[in-house]
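This report follows an annotated site and a group of aromatic rings through one structure. Please keep the sequence and the 3D view at hand while reading.

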Amino acid sequence: MKSITLAAGGLLLLAQSIGTAMAAQPAMPPQAALCGSCHGPQGQGVEPLGPRLAGLSSQYIQQQIKLFQAGTRQNATMMPMAMTLQGDEVIGQVADYFSAQSVAEVKPKLRGEQVVFADPTEKLVYQGDWTRNLPACVTCHGPSGLGGGTFPRLAGQQASYIKTQLHAWQDGTRKGDVDGMMEHVAKQLDSAEIDAIASYFANLK
């Protein structure tokens, strides 16, 4: 009888913990349902339709929606989709929802933990290349590319998406960065470096 009581108590605690975890996840706003068709209902991304939104800051997602609406950032699919989200409140609700979705924890690698990098890709990521006036990726995107504020998380993002965006910055078809920083960075990279950086961040998950 005692074992049955203990088992029942354990099941109750499990149910409560599951309920708490579910309650912590915000409900999907109705306006976000359309986004989920390409980005996934939890914003995990549906390659090649849409990149991962989960883990990006709400501030960054809101900024990008508004850039699509203004036509500053061009994409034949995203521009009309962004126009379905009208008003700061709606945009904020959608951005908050996807930003709150769970992502794999990545232990941040802090600058200074490692001084010498044998791998040229890691050197670019953590130290940059000042002979080309090229800052480290983590200068803006944070330790291990975890992002924050208006700088997107790169860790765990699709390699194909990172690669596409770097080429877009490089050829000038993507706009909206502060002071042309990303355009400058991308133009210093060759195709092999872009491939390697995209793969590096995609595998941080």
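In which helix is the place of Met182? Met182 lies in helix α9, which is formed by residues 181–187; the model in which this is seen is a predicted one.

**The annotated site**

According to the UniProt record, an unreviewed entry, the annotation "binding site" covers Met182 together with Cys137, Cys140 and His141. These residues are spread over 46 residues of sequence, yet they cluster in space, with a largest C-alpha distance of 11.3 Å. Of these residues, Cys137 is included in the lining of the largest cavity.

The surroundings of Met182 can be described by its contacts, which, once neighbours within four places in sequence are left aside, are with His141, Leu166, Trp169 and Asp177. Because its relative accessible area is 19%, and buried means under 20%, Met182 counts as buried.

Cys137 is placed in the loop between α6 (120–126) and α7 (138–141), and it touches Leu124, Val125, Ile197 and Phe201 when residues up to four places away in sequence are not counted. With a relative accessibility of 17%, Cys137 is likewise classed as buried.

**The aromatic rings**

Aromatic rings are the second topic. A pair of such rings is described by the distance of the centres and the angle of the planes. The structure holds 4 aromatic pairs, among them the two edge-to-face pairs set out below.

| Pair | Centre to centre | Angle between planes |
|---|---|---|
| Tyr97 and Phe98 | 5.0 Å | 70° |
| Tyr126 and Tyr200 | 6.2 Å | 85° |

In the pair of Tyr97 and Phe98, both residues are buried. Why is the pair of Tyr126 and Tyr200 called edge-to-face? The planes of these two rings stand at 85°, and since an angle over 60 degrees counts as edge-to-face, the pair receives that description.

The pair of Tyr126 and Tyr200 links distant parts of the chain, for Tyr126 belongs to helix α6 and Tyr200 to helix α10 (residues 191–202), and the two are 74 residues apart. Tyr126 is buried at 5% relative accessibility, and Tyr200 is buried with a relative accessible area of 17%.

Ring pairs also join Tyr126 and Tyr200 with Phe117 and Phe201 into a cluster; Phe201 is, in addition, one of the residues touched by Cys137. Tyr126 has a further partner in Lys109, whose charged end sits over the ring of Tyr126 at 5.0 Å from its centre.

Note on methods. Residues numbered from 1 in each chain as written. Predicted model: local features only at pLDDT ≥ 70, side-chain atom pairs only at ≥ 80, totals over all residues. Heavy atoms only, no water. UniProt positions renumbered as here; feature names shortened; annotations may be inferred. 1 Å grid on protein atoms, 1.4 Å probe; cavity = no way out; pocket = protein on both sides within 12 Å on 5 of 7 lines; lining within 4 Å. Helix = DSSP H or I, 4+ residues; strand = E, 2+ residues; numbered from the N terminus. Buried < 20%, exposed > 50% of the residue type's maximum accessible area, 1.4 Å probe, protein only. Contact = heavy atoms within 4.5 Å. Phe/Tyr/Trp six-rings, centres within 6.5 Å; stacked < 30°, edge-to-face > 60°. Lys NZ or Arg CZ within 6 Å of the ring centre and 35° of its normal.
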